Amino acid sequence: MALINEHFLKLPNNYLFSDIAKKVNSFKVTHPKEKIIRLGIGDVTQPLPPAVVDAMHKAVDEMTSKSTFHGYGPEQGYSFLIDAIIKNDYAPRGITLEQSEIFISDGAKSDTGNIGDILRHDNSIGVTDPVYPVYIDSNVMSGRAGVLDSGKWSNVVYIPCVAENGFIPDLPGRRVDILYLCYPNNPTGTTLSKDELKKWVNYALANDVLIMYDAAYEAYIQNPEIPHSIYEIKGAKKVAIEFRSFSKTAGFTGMRCGYTVVPKELNGFTLDGERVLLNKLWNRRQCTKFNGASYITQRGAEAVYSPEGKKQVREIIDYYMTNARIMKEGILKCGLNAFGGEDAPYLWIKTPKGLTSWKFFEKLLYEVYIVGTPGVGFGPSGEGYLRLTAFGNRDDTLEAMARLKKWML
Ligand code: PLP
């Protein structure tokens, strides 16, 4: 008899995006003629940069000949991609990393979800609230989150990020062993300044806290003062793992490629207090459970750093960030309060007249045919907010704002 991991049974059945899909589908049945504009799910809409496509075509051709064929690659990723990452993402910011500190993967969702494999089940967890649901759910699955009580997990410290505190998380009142930070933030679209990030690194250094820093949206940062990597802060290599993704940077949501940095200065502890290199454990975990991202995909990712690739990626990001600006201006003109959208592709809207997130979601769907994401789906502090994404195409974005203005004004 195979006994199951019963922690899975603790996960609530509802999954935010399937709940939204159900509501949108029933709207479509009753309103078959209305054109819905989807600004809900955070998937990109622009095609891959041509430099990436060219590189992948070349890589496919290599696979057709015995002399250039690639079978299993290194579990940690090809050195051509790791080199490009070090040279382009870190060295210009004064961050030195060794090849063996970077692990290429099939994306940041897998890595942020899987990283718990190398950590004990009874660490306490801290998250900023609202939060990317993967951090919570993956900890529930491993039994680390405790039990769900009134929308909160008992072993998770929720650090509210709301308009009232300018979306700046306060240091937790309770001990946390592992802390998840995501900046630029999904879902709020807000960022942390260098000083604010320094506060967290210093806190982690003083309290032996391990920071999981998710920088999946760093490419969207426009303000030169905002840090792109946690390692821009002194001492961070001793306390932080950083996750990055090519998904939103270069349209890789369907290609699948990302990477995780596990510095060799970073230690975990045995119950007896003995220090253990987390780099060694993650390497072991990957070698056992992961067989590398495909050669073709990694060649595509490498091309993101070529001169043409960089230019094309910049154009795509500018396109989305222009959408974000159009949306923010439009929403503010309607008299609604909107946050984020300046260094991130997400806008976080305060619902009007004290409406709940779901009520506002339904009003937008039924009255203006726009699909957003109810903020409460990202955690208790998301109640009273709704997320819109700037990943739509320009015409839809403009039309959505025109509809909103007509509706509100
Ligand atoms: N981290 C955050 C904060 C995200 O919002 C997302 C995707 O939406 C991911 C990670 C997942 O990225 P990937 O496509 O690389 O798995």
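**Pocket, ligand and cavity**

Helix 6 contributes more residues to the lining of the largest pocket than any other element, 7 in total. The model is predicted, with pLDDT of at least 70 needed for local features and 80 or more for side-chain atom pairs, while totals for chains, interfaces and linings use all residues. Residues are numbered from 1 along each chain as its sequence is written, and side-chain values use heavy atoms, leaving out hydrogens and water.

A pocket here is an open set of points on a 1 Å grid over the protein atoms alone, with protein on both sides within 12 Å along at least five of seven lines; a cavity is a set of points where a 1.4 Å probe fits but cannot get out, and lining residues have an atom within 4 Å of a point. Helices are DSSP runs of H or I with at least four residues, numbered from the N terminus.

The largest pocket has a volume of about 1300 Å³, where volume is the space filled by probe spheres set on the grid points, joined across faces, edges and corners. Its lining counts 45 residues, of which Y15, F17, Y132, P133 and V134 are the closest to the centre. At least two lining residues come from each of helix 2 (16-30), helix 5, helix 6 (133-141) and helix 8. By class, the lining holds 25 nonpolar, 12 polar and 8 charged residues.

The ligand takes up the space of this largest pocket; a molecule sits in a pocket if more than half of its atoms lie within 2 Å of the grid points. Around the ligand are 14 residues, with D214, Y217, S245, S247 and R256 coming nearest; a residue is near if one of its heavy atoms lies within 4 Å. Helix 5 (108-114) and helix 8 (247-250) each supply at least two residues of this shell.

Polar side-chain atoms also approach oxygen atoms of the ligand: the distance is 2.7 Å for N186, 2.6 Å for Y217 and 2.5 Å for S247. The ligand taken alone exposes 390 Å², and the protein buries 91% of that, by the Shrake-Rupley method with a 1.4 Å probe.

Apart from the pocket, there is 1 cavity of 30 Å³ or more. The largest cavity has a volume of about 40 Å³, and its lining includes V44, Q46, Y220, K248 and Y320. Helix 8 and helix 11 (307-333) each give two or more residues to that lining, and helix 8 gives the most, with 3 residues.

Technical notes
A polar contact is a pair of N or O atoms within 3.5 Å; within protein, one must be able to donate a hydrogen and the other to accept it, and residues adjacent in sequence count only if both atoms are side-chain atoms. Ala, Val, Leu, Ile, Met, Phe, Trp, Tyr, Cys and Pro count as nonpolar, Asp, Glu, Lys and Arg as charged, and the others, Gly among them, as polar.
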